[in-house]
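This report covers empty space, one helix, cysteines and some backbone details of a single protein chain. Please read it with the structure open.

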Amino acid sequence: MKAFLNSSELLHDPGAMKQRFDRDGYVYLSGLVDTGPLLELKRQIVAICDDCGWLKPGVEPMTATTWTAPKVEGEEEYFQVYDRIQRLQDFHGLAHDPAVITLMQSLLGETAFPHPLSIARLVFPESQEWSTPPHQDFVNNQGTKDLYACWIPLSDCPKSMGSLAVLEGSHKLGLLPVEYSLGAGHRQTSMPAEAASMQWLSSDFKLGDVIAFHSLAIHRALPNDTNRMRISVDYRYQAEGDEMIERCLRPHFEREGWAEIYQDWSREELKYYWEDKNITTVPFDATLGDLPDDHLSTAIKLQRSFNKSRAALAEKYGTPPDNDNA
Ligand SMILES: O=C(O)CCC(=O)C(=O)O
């Protein structure tokens with residue numbers, strides 16, 4: 001797979017950065033973010049994973065080495081960890097990283113701001129059926145199409161660990177219909193014929209590298225073929241005054257409200273920061289996610305094959321031994 005074009009040299013030329021983004025639907029910047037805060041956030045996240053028994057005992061937690069069958073979004077065991085991550089000040093704070101904001105301002109103008117809805121991904125090995133399918137963020141995020149995501153892995157993330165892939169130039173295909181998928185969101189883009197001549201790009205990310213992409217750019221995750229969890233975060237940005245849906249002002253999955261999430265925070269400026277901004281909300285259009293009539297048969301077929309591989313994994317992992325220092 002061809003690598004992303006590195007746009008770091010355009011950091012001091014916002015006009016050229018925006019032109020490249022408009023052309024390709026993404027910009028990739030190596031070493032944009034300081035590694036210190038990324039490692040600190042990862043340390044906090046792996047401590048939670050470790051506490052919940054996800055990580056292999058006796059192995060350095062920062063390697064995020066797993067030893068159980070995959071946990072996936074939507075499962076109660078996943079939420080035990082994820083709800084605690086949603087409470088981390090540093091997780092939400094990273095969306096405001098000055099280098100990321102400067103990048104987003106070059107793409108969206110001076111008023112670029114992050115949505116309060118912030119997402120962390122904890123992608124287990126052997127969870128390929130569940131990995132993020134090709135999709136356009138606009139179907140979920142809606143509001144303005146000038147809504148751009150920034151994806152940041154919290155470690156080196158080679159392609160083999162399930163890094164992000166983008167279909168180059170696909171933001172120019174417009175908003176596309178969806179079909180059923182098992183992966184996050186249960187929707188994937190129904191690929192038009194023109195997509196066949198486009199190229200999937202990805203890269204071996206180093207810690208500190210980021211990719212920003214357009215809400216119509218088709219993107220997906222590669223399978224995680226390592227024995228470690230891929231931990232990454234993704235944030236969305238738009239200009240003040242542009243349309244947005246209410247849901248983007250609320251916490252991801254909405255299992256707790258901001259008051260609970262903010263309980264242990266010390267940085268007042270990170271709380272409810274959007275309330276003094278010029279926000280224009282519009283209703284969510286559920287029809288954009290409408291599935292084709294035959295989606296139930298597709299869903300049943302995919303679910304059956306998923307169940308089979310889950311059963312095989314349950315047999316493989318069984319109950320973790322009490323003490324395994326291997
Ligand atoms: O990290 C992933 O698996 C998916 C990320 C994604 O789809 C996004 O950032 O919009």
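Helices and strands, as named here, are DSSP runs numbered from the N terminus, with at least four residues for a helix and at least two for a strand. The model is predicted.

## Pocket and cavity

In these terms, α2 gives the largest share of the lining of the second largest pocket, namely 3 residues. This pocket has a volume of about 160 Å³. The elements that contribute two or more residues to its lining are α2 (35-51) and α4 (89-93). The lining residues are Pro 37, Glu 40, Leu 41, Asp 90, Gly 93, Leu 94, His 96, Asp 97, Pro 98 and Arg 267.

Closed spaces are also present: the count is 3 cavities of 30 Å³ or more. The largest cavity holds about 180 Å³ of space. It is lined by 15 residues, and those closest to its centre are Glu 73, Leu 122, Val 123, Trp 130 and Thr 132. Strand β3 (residues 119-123) gives the most to this lining, with 3 residues.

The table sets out the two linings by residue class.

| Space | Volume | Nonpolar | Polar | Charged |
|---|---|---|---|---|
| Second largest pocket | about 160 Å³ | 4 residues | 2 residues | 4 residues |
| Largest cavity | about 180 Å³ | 8 residues | 3 residues | 4 residues |

## Helix α1

Which residues of helix α1 are buried? In this helix (residues 14-24), they are Ala 16, Met 17, Arg 20, Phe 21 and Asp 24. These residues lie on the same side of α1, because they cover an arc of only 140 degrees around the axis. They pack against β1 (26-29), α5 (98-108), β4 (148-153) and β9 (210-214). Just after the helix, Gly 25 takes a positive phi of about 85 degrees.

Phe 21, in helix α1, can be followed in more detail. Its relative accessible area is 0%, so Phe 21 is buried. Leaving aside neighbours within four places in sequence, Phe 21 is in contact with Tyr 26, Val 27, Leu 107, Tyr 148, His 171, Ala 212, Phe 213 and His 214. Phe 21 and Phe 284 are 263 residues apart in sequence, and their C-alpha atoms are 26 Å apart in space.

## Cysteines

How many disulfides does the model have? The count comes to 0, where a disulfide would need a pair of cysteine sulfur atoms within 2.5 Å. For Cys 52, the closest cysteine sulfur is that of Cys 49, and no bond is possible because the distance of 7.5 Å is too far. Cys 52 is partly exposed, at 25% relative accessibility.

For Cys 157, the closest cysteine sulfur belongs to Cys 150 and is 14 Å away, so this pair too is too far apart for a bond. Cys 157 counts as buried, because its relative accessibility is 0%.

## Loop residues

Most residues other than glycine have a negative phi. Two residues in the loop between β12 and α7 have positive values. One is Phe 253, with phi near 70 degrees; this residue is placed between β12 (243-244) and α7 (258-261). Glu 254 also has a positive phi, of about 50 degrees, although it is not a glycine, and Glu 254 lies in the loop between β12 and α7.

Are these residues buried, partly exposed or exposed? Phe 253 is partly exposed, with a relative accessible area of 33%. Glu 254 is partly exposed as well, with a relative accessible area of 38%.

Gly 241 is found in another loop, between β11 (230-238) and β12. Gly 241 has a relative accessible area of 25%, so it counts as partly exposed. Not counting residues up to four places away in sequence, Gly 241 touches Asn 278 and Thr 280. Gly 241 and Lys 206 are 35 residues apart in sequence and 35 Å apart in space, C-alpha to C-alpha.

Note on methods:
Residues are numbered from 1 along each chain as its sequence is written. This is a predicted model: local features need pLDDT of at least 70, side-chain atom pairs count only at pLDDT 80 or more; totals for chains, interfaces and linings use all residues. Side-chain values use heavy atoms; hydrogens and water are left out. On a 1 Å grid over the protein atoms alone, a cavity is a set of points where a 1.4 Å probe fits but cannot get out, and a pocket is an open set with protein on both sides within 12 Å along at least five of seven lines; lining residues have an atom within 4 Å of a point. Grid points are joined across faces, edges and corners, and a volume is the space filled by probe spheres set on the points. Ala, Val, Leu, Ile, Met, Phe, Trp, Tyr, Cys and Pro count as nonpolar, Asp, Glu, Lys and Arg as charged, and the others, Gly among them, as polar. Buried means under 20% relative accessible area, exposed over 50%, partly exposed in between (1.4 Å probe, protein chains only). The arc is that of the directions from the helix axis to the C-beta atoms. Contact means heavy atoms within 4.5 Å.
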